[in-house]
Amino acid sequence: MNAIFVYWIEFSGIEPKSIYRPMILYRYILRSHLAPFLFSLVVLILIFLLQFVMKFIDQLVGKGLSTWVIFEVIVLNLAWMLVLAVPMSVLVATLMAFGNLSANHEVTSMKAAGVSLVRMMTPVLVAAAVVTVLLFFFDNDVLPEANHRAKTLMIDIRRKKPTLTLLPGLFSQEITGYSILVRKTFEPSNDLEGITIYDYTDPKASVLTTAERGTISFSADYRNVIMDLQNGEIHELATDRFKEYRRIRFEKHRIAMKAEGFEFERSPDNAFARGDRELNIQAMVVFVDSLRSVNAAIGKRIEDLNTQLSLLRSTGRPAGDVDSAFARQDSLARTRAVEAMIQSEQSRIEYNNIRIDQYMVEIHKKYAIPAACLVFVLVGAPLGMMARKGSFGVAASLSLGFFLFYWACLIGGEKLADRGLATPFLGMWAANIILVILGVYLTVRTSRETSFFHWEKLRRLIPERWLTPSSEPEENL
């Protein structure tokens, strides 16, 4: 054991006189986490970015958008990518770091020096707590604003028409107030032949323009379509009296048609209402309190209506009315009206409760996802030591499995909470609770140096000939 301890001292480069200083040990453990964390963070963000580009490439390319607008879309969507990538990077870094420490017998050397597993995990947990706090503020303050701006920008991009398409022999009505027919087009250029234009912009006149040749282009701001025509005629008929007709021949004529939707226009930030993922916790709490106040007021109205309904059902007729067929019909009509009002108020309460659950789910999510950084340290440290391999492939495989489980629980819990089948707290925190229990269990088993995976039971399921190589020479094929 002393030989292993000396080996770890020589390998780590720490002087023997400073081996018992906690800060030296803590810095060494944290340094082993930093590079895997940054590497996995960059890789995960690139994966999320590639997925985003493949999903929205058809909405970004071919619409004449500037490079700055496309860059802005990508930067705004990096916010949610960062929120998802940070917890997973913490898990990958923990698995790789403790896997390397265990594979190089450094964990054994530290235990020989009296350093327990909990003490080894302490600096990582402290660093994860700092990351959790920073990620929470980012998730609460930066992410909602980025989501809102990204939504507004994507709506503006969807409203922008890519280009004006003119097909030979077919009328095009993409420009409001005009119907354009072209006999022949030339793809390498904007030249046209056999042009017919019907102008409906003036309600008092009907204008028909024909030309042998022409060119089409957009203005610099994409607000107007410019058509330069050659050798044509203009026929104009007054539609109010149908007596005035005018015919004009021209050699050159220019028409400027107002184009709507071809230019890219930015909407103001307050142009669209904010959803639950575009609000911070403080704003959502205000909405939840207001909805609960509305439900309380509706509940009082329902009590009054129930009192009125009980009175109608007990008397069988309104007070002061004579016992007649008309009075009974009137009492029945009033009873049904009160019952309909009660059902309507109860439906409003149910709808408000659904909205409250949606807001509460987002509130708990803003706490649960950053807290996953601490949870993944509890799971990753003992798992990394059990794996005893610090390669990125092993760490990525294990972390992907745990993160898929975590994300499936998060999505499933959100759906159940939105439908009222589970509380928002349970829906968002169930995955964290399960992984905390698993992490504590694995940490205790690893600290006691007891095996969690019973490999001898697995060996019984594998045929013996697969485990022992055959001594017979292979036959020549």
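What span should the 24 residues of helix 9 (residues 424-447) have at 1.5 Å a residue, and how far apart are its end C-alpha atoms?

**Entry 1: helix 9.** I started with this helix, keeping in mind throughout that I was reading a predicted model. At 1.5 Å a residue the expected span of helix 9 is 34 Å, and I found its end C-alpha atoms 35 Å apart, which agrees. I then looked along the axis of helix 9 and noted a kink of about 45°, centred on A430. For the burial of helix 9 I listed its buried residues, among them M428, W429, A431 and N432 around the kink region, and L435, G439, L442 and T446 further along. R445 also appears among the buried residues of helix 9. As background for reading such a list, I reminded myself that an α-helix has 3.6 residues a turn, so residues three or four places apart point the same way.

**Entry 2: strands 4, 5 and 6.** I next asked which way strand 4 (residues 205-218) and strand 5 run with respect to each other, parallel or antiparallel. They run antiparallel and are joined by 13 bridges, and in this pairing I216 stands opposite M227 of strand 5. On strand 6, I found that strand 5 pairs with it in the antiparallel sense, over 13 bridges. There the bridge partner of D228 is R254, which is in strand 6.

One residue of strand 5 made me stop: N231, which is found in that strand, has a phi near 55°, a positive value in a residue other than glycine. I noted this because most residues other than glycine have a negative phi. N231 is partly exposed, with a relative accessible area of 32%.

**Entry 3: salt bridges.** My count of salt bridges came to 15, and I followed three of them in detail.

The first pair I opened was E233 with R249, whose closest N and O atoms are 3.3 Å apart. E233 lies in strand 5 (residues 224-238) and R249 in strand 6 (residues 245-258), so this salt bridge ties together parts that are 16 residues apart in sequence. I then asked whether E233 is buried or exposed. E233 counts as buried at 19% relative accessibility, the cut-off for buried being under 20%, whereas R249 is exposed, with a relative accessible area of 63%.

The next pair was R277 with E362, where the closest N and O atoms are 3.5 Å apart. R277 lies in the loop between strand 6 and helix 6 (281-315), while E362 lies in helix 7 (residues 325-387), so the pair ties together parts that are 85 residues apart in sequence. R277 counts as partly exposed at 44% relative accessibility, and E362 counts as buried at 4%. Following the contacts outward from this pair, I found R277, E362, K365 and E414 linked in a network of salt bridges.

The last pair I followed was R301 with E345, whose side chains meet in a salt bridge at 3.4 Å, N to O. R301 lies in helix 6 and E345 in helix 7, so the pair ties together parts that are 44 residues apart in sequence. R301 is partly exposed, with a relative accessible area of 36%, whereas E345 is buried, with a relative accessible area of 13%.

**Entry 4: aromatic pairs.** I then turned to the rings, where the count came to 10 aromatic pairs. The rings of F48 and W80 have their centres 6.1 Å apart and their planes at 55°, so I recorded the pair as tilted. F48 lies in helix 2 (residues 22-60) and W80 in helix 3 (residues 67-103), so this pair ties together parts that are 32 residues apart in sequence. On accessibility, F48 counts as buried at 14%, while W80 is partly exposed, with a relative accessible area of 27%.

I also looked up F136 and Y367, which form a stacked aromatic pair with 4.9 Å centre to centre and 25° between the planes. How many residues apart in sequence are the parts that F136 and Y367 tie together? They are 231 residues apart, F136 lying in helix 5 (residues 117-159) and Y367 in helix 7. F136 is buried, with a relative accessible area of 18%, and Y367 counts as partly exposed at 39% relative accessibility. Ring pairs link F136 and Y367 with F137 into a cluster.

Definitions and conventions: Residues numbered from 1 in each chain as written. Predicted model: local features only at pLDDT ≥ 70, side-chain atom pairs only at ≥ 80, totals over all residues. Heavy atoms only, no water. Salt bridge = Lys/Arg side-chain N within 4 Å of Asp/Glu carboxyl O. Helix = DSSP H or I, 4+ residues; strand = E, 2+ residues; numbered from the N terminus. Buried < 20%, exposed > 50% of the residue type's maximum accessible area, 1.4 Å probe, protein only. Phe/Tyr/Trp six-rings, centres within 6.5 Å; stacked < 30°, edge-to-face > 60°. Expected span 1.5 Å × (residues − 1). Bend = angle between axes of the 7 residues up to and from the residue. Pairing = 2+ DSSP bridges.
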